[in-house]
Each structure stands twice: as structure tokens, then as C-alpha cells.
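This report describes the fold of a single protein chain, from its overall contacts and dimensions to the arrangement of its sheets.

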Amino acid sequence: MADKLRVGIVGCGGIANGKHMPSIRASELADMVAFCDIVKERAEKAAAEYGVDGAKVYTDYKELLADSSIDVVHVCTPNRSHSEITCAALYAGKHVMCEKPMAKTAADAKAMLDAAKATGKKLTIGYQGRQRDDSLYLKDACANGELGDIYYAKAIAIRRRAVPTWGVFLNEFEQGGGPLIDIGTHALDLTLWMMDNYKPKYCVGTTYHMLNNQTHTANAFGEWDPEKFTVEDAAFGFVVMENGATITLDATWALNYRQPNEAITLLCGTKAGADMFDGLTFNGVENGRMYTKKPDFKTGGVAFFGGSSVRPEVREQIQWFRAIMDDKDPTVLPEQALVVSQILEGIYISAKTGEPYKF
């Protein structure tokens, strides 16, 4: 394999420009050689800013996939098309990173996993929250057994007023839902990964359309259009795992809640607990006394040197490309991401039927 991987970008909108393309460039392990978007001007702009000399531009992703020199495809499109494009890319002989969530439906996500298995190509999903300093530290603590048996957890993605008003975030047909599938998916992925528990038994869910018809909302991203706000503004889930562990999931773009926190987890085990509310904090009992402790993630303390830390989204790309180059597993396995999608779908179904959903 060449020193650098050759990457094609499908979907040159917000997430590609805000995360994928800058991070791929910063990784220094890959060149972006092809760009595809249904709006040609977006693909041309991306090619001019991030592409190598001679980078190709397409409006049909199938034409991009026909280029046998491309090693990796990044799928950065709305949720509805994740599965279709990912499966086609895998069968075209490409490794694929698909932006989160894995797919709009669990069936679509399963098709992606099946395609990866059938082709032998690597597939990962863009849960960059695993690559934060606090997440990596907590994962090591969990893997080392420092928390003991984790039997209760909270996956938290709560915004007070930060409804995304651009793109197709408010469009249920394109996205499959609102904050649950958008940001709740990050919190749930992080929680399941820490627990190393991917066997749900049943769930109960509720969704709300309580604030999406309001105006003068003080929304961080500007006023939303109530006519276009067709997805839930809040969703809550209660998940029981096969081993008896319990997970609660809170996901909202808008809630009258004073202390918002996004993409964090709380874990309670038999030996200790941990949460990310105001920085990663551990709690437990030692020498007959309760304690709390906070790891220090600050760097510096040396004259003329402030220290350095690689951004999570760049770490995500480095580990992904190294997994391809070294033929090893990426951090986010498609089998894990599938379970996230299954639980999200179960919460939506439970909310719709008013009954528990059994897996």
C-alpha cells in the first residue's frame, strides 16, 4: 500500500466541512482525491480547499465508486442514504467510515454490517466522542475493572436551547428522528462502550413534541420554523440489558433544564462510580471513607511550552487509517454501532406504541 491512503468524500455539507475533511488533512495519513455531492458547487468547493491536485468532482456517488484507485470512502450524507451508499462502497472494494448514526433504521444498519462481512472490507462509524481525553481515561479504568460490575448508567445528551436549524436535521424522512438519533446516539455509544455491554433485553421510551411549536425561543442557532420541525424535541429511554444492568438515556435539543450536558455518561459499579458532569470525576469508598477524585487533563507547566493534545476528531481519523494500514480493528466496530441503532429504534417504537420493546 502507498504511504498515504486515497480517500473519496461522499457528501460535502456541514459534517464533511466541520469534521471529516479538516481531520483527514490533519491526520497526514491520507489524500482526498475525489468529492461527490448532489450540489456540484459544494463538491467543487471541497475539492479546491481539501483535494490534491487533479481531485475529481462528481454529483453521482456511483461514478466515484467506479474509481478503483480509491481506498477509502467517507459517507457524510443524511441518515436516510447511509446504508445505500455504504453498502455500495463496500461492494466496490472500499473501506468505509460512515458518519453517525450508522443508519436511519436498524435493518439498514444490519445491511451495512452484512456487506462488511461479505466483502471483508473495514467499516466504522463516526463516534468521535470515544477519542476525547476523558473518554479514553474512563475506558481504561472500566477495562481495568476499577469500577467493578457496572449495573446502572445514564447516557446524557441534553441541550437547553440548541436546535439545529440548518440542513435536514428537522426532517424526519431524511433523518429518522430528532435529538435521539442525532446526539443521543453519541451518549448511548459512549455508555455501551464503557460498560462493554451490547446485549439489550427490552426498552421503554417516550418522545415529546412540546416546544417545537414555540417562537421567540432564544435558540442558539436562530429561530426554528415550527412548520418544518417534524421530529421530536426530546426523547427519553429506559433500557434493561440481558445481564440485568439498567441504562437511562436522555436526549433533547430543547428542554427547560438548567445544566445541559452533551455526549456524556454516568456509570455506577460495584467498586466505584464515575461521571462527566463537570469534568471526569470518580467516586467510591476507601479506608472507610467516601471519596471523589478528578484526573487532571491539563498540559503545560513548562516555560514557553503549553503542551499539546490531539483533537478527538483527528485521533478518530488517525486510528481509522492506521487500522486500515496495519490491518487491525478500528475503535468503533460496526457490530457495536448496530446495537446503538437497534436501541434507538426500540425507544422510538416503544414511544409510538406505548408498550415496552423487546429485542
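## Contacts and overall dimensions

Of the contacts in the protein chain between residues at least 6 apart in sequence, 72% join residues at least 24 apart. The model is predicted, and every value in this report is computed from it.

For 359 residues, a compact globule would have a radius of gyration near 21 Å; the protein chain has 21 Å, so the two agree. The C-alpha trace spans about 65 × 55 × 45 Å along its principal axes.

## Burial and surface

Buried residues account for 52% of the 359 residues in the protein chain, where buried denotes under 20% relative accessible area. The area that the protein chain exposes is about 16,700 Å², and carbon and sulfur atoms supply 50% of it.

## Secondary structure and the parallel sheet

The protein chain contains 10 helices and 15 strands. Strands of a sheet pair through backbone hydrogen bonds, in either a parallel or an antiparallel manner.

One open sheet is formed by 6 strands in the order β3-β2-β1-β4-β5-β6, with parallel pairing. Its edge strands are β3 (51-58) and β6 (123-126), each of which pairs on one side only. From one strand to the next, the twist averages 25 degrees.

Within this sheet, strand β1 (residues 5-10) and strand β2 (residues 30-36) run parallel and are joined by 6 bridges. Which residue in β2 is the bridge partner of G8? The partner is A34. Helix α2 (residues 40-50) packs on the sheet and touches β2 and β3. The direction of helix α2 makes about 170 degrees with that of β3.

## The mixed sheet

A further open sheet is formed by 9 strands, in the order β14-β13-β12-β11-β7-β10-β9-β8-β15, and its pairing is mixed. At the edges stand β14 (289-293) and β15 (357-358); each has a single partner strand, so one side of each is left without a neighbour in the sheet.

The pairing of strand β7 (residues 150-158) with strand β11 (residues 261-269) is antiparallel and comprises 7 bridges. In this pair, A155 stands opposite T265 in β11.

## Summary

The predicted model thus presents an open sheet of 6 strands with parallel pairing and an open sheet of 9 strands with mixed pairing. The radius of gyration of the protein chain, 21 Å, agrees with the value for a compact globule of 359 residues.

Key. Residues numbered from 1 in each chain as written. Predicted model: local features only at pLDDT ≥ 70, side-chain atom pairs only at ≥ 80, totals over all residues. Heavy atoms only, no water. Pairing = 2+ DSSP bridges. Helix = DSSP H or I, 4+ residues; strand = E, 2+ residues; numbered from the N terminus. Axes fitted to C-alpha atoms, helices over the stretch in contact; angles between N-to-C directions. Contact = heavy atoms within 4.5 Å. Rg over C-alpha atoms; globule rule 2.2 N^0.38 Å. Buried < 20%, exposed > 50% of the residue type's maximum accessible area, 1.4 Å probe, protein only. Areas by Shrake-Rupley, 256 points an atom, 1.4 Å probe, with all protein chains shown as cover.
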